[in-house]
Amino acid sequence: MIGTRLQRYIFFKAVNALCMVLGIFILTILLVDVVEQLRTVGSDVNLSPFQALILSSMKLPGILEQTLPFAILVASIMTYNQLNKSSELSVIRATGQSAWQFLMPLIFLSTLLGLFAMKALNPLGASLSERFESSRNALLQQGGQRIERPRNDIFLRQGTDNSQILIHAS
């Protein structure tokens, strides 16, 4: 798939750009989510920043899975922009390489990351999201703010812009 030296060169430049973009995304997501956990859970319970970081890291794989396509797009733009600035892209085209030949490394990288997200990141994100909910509820119950009780009754809601119907049954 990426057999030539030139394609491997572009592939590793794209991997470096992707690592940088994902690093920035992870730091930004963690920073915002830690503040959000401190604001929401920390207002009800005495929550340390380390506990908020642990809670936020449980949500990270699920959020990262959603932002991965955008990260690949930004990394691709950065890679080809860098190749264009150093005139390497012009030299590649002058040697007779087609656009598909120098796009193939990023197509291959995107396919690999898509498979990784489907096989590893999605199941990990689902299990950690479940652990996040249970940990968050346990913290809130310790603070006495939320008591979950099993519900045996049913609420049905249906409506339009003009009217709402709410049915409650035991």
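Helix H1 of this predicted model is as long as its residue count suggests: at 1.5 Å a residue, its 40 residues should span 58 Å, and the end C-alpha atoms lie 57 Å apart, which agrees. H1 nevertheless bends by about 25 degrees at Leu38. Helix H2 tells another story. A straight helix of 37 residues would span 54 Å, yet the end C-alpha atoms of H2 are only 42 Å apart. A bend accompanies this shortfall in span: H2 turns by about 45 degrees at Thr67, and Pro69 follows within four residues. Confidence is a useful companion to these figures, and H2, covering residues 49-85, has the highest mean pLDDT among the elements of the protein chain, at 92. The lowest mean, 72, belongs to strand E1, residues 154-159. Over the protein chain, pLDDT averages 86, and 90% of the residues score at least 70.

After H2 comes Ser87, which sits in the loop between H2 and H3. Most residues other than glycine have a negative phi. Ser87, although not a glycine, has a positive phi of about 65 degrees. Its relative accessibility is 40%, so Ser87 counts as partly exposed.

The packing of the helices can be followed through the nonpolar cores. The largest of these has 23 residues, and Leu18, Tyr80 and Leu109 are the members with the most contacts inside it. Two or more residues of this core come from each of H1 (5-44), H2, H3 (88-94) and H4 (99-142). H1 gives the most, with 8 residues. Apart from this core lies another, of 11 residues, including Val45, Leu55, Leu128 and Phe132. Returning to the largest core, Leu109 offers a closer view of the contacts. When neighbours within four places in sequence are left aside, Leu109 is in contact with Phe11, Ala14, Val15 and Leu18. The spacing of such residues has a simple background: an α-helix has 3.6 residues a turn, so residues three or four places apart point the same way.

Aromatic rings add to this picture. The count comes to 4 aromatic pairs. One of them is formed by Phe11 and Phe108, whose ring centres are 6.0 Å apart and whose planes meet at 50 degrees, making the pair tilted. This pair links distant parts of the chain, with Phe11 in helix H1 and Phe108 in helix H4, 97 residues apart. How does burial compare for the two partners, buried or partly exposed? Phe11 has a relative accessibility of 11% and therefore counts as buried, the limit being under 20%. Phe108, with a relative accessible area of 23%, is partly exposed. Phe11 and Phe108 also belong, together with Phe12, to one aromatic cluster. Phe11 thus appears both in this cluster and among the contacts of Leu109.

A last site lies in strand E2 (residues 164-169), where Gln164 is found. Gln164 has 49% relative accessibility and counts as partly exposed, because exposed requires over 50%. With neighbours within four places in sequence set aside, Gln164 is in contact with Arg157, Gln158 and Gly159. These three partners fall within the residue range of strand E1, 154-159. Gln164 and Ile29, in turn, are 135 residues apart in sequence and 38 Å apart in space, C-alpha to C-alpha.

Methods: Residues are numbered from 1 along each chain as its sequence is written. This is a predicted model: local features need pLDDT of at least 70, side-chain atom pairs count only at pLDDT 80 or more; totals for chains, interfaces and linings use all residues. Side-chain values use heavy atoms; hydrogens and water are left out. pLDDT is the predictor's confidence in each residue, from 0 to 100. A nonpolar core is a set of buried Ala, Val, Leu, Ile, Met, Phe, Trp, Tyr and Cys residues joined through side-chain atoms within 4.5 Å. Buried means under 20% relative accessible area, exposed over 50%, partly exposed in between (1.4 Å probe, protein chains only). Contact means heavy atoms within 4.5 Å. The expected span of a helix is 1.5 Å times one less than its number of residues. The bend at a residue is the angle between axes fitted to the seven residues ending there and the seven starting there. Rings of Phe, Tyr and Trp (its six-membered ring) pair if their centres lie within 6.5 Å; planes under 30 degrees apart count as stacked, over 60 as edge-to-face and the rest as tilted.
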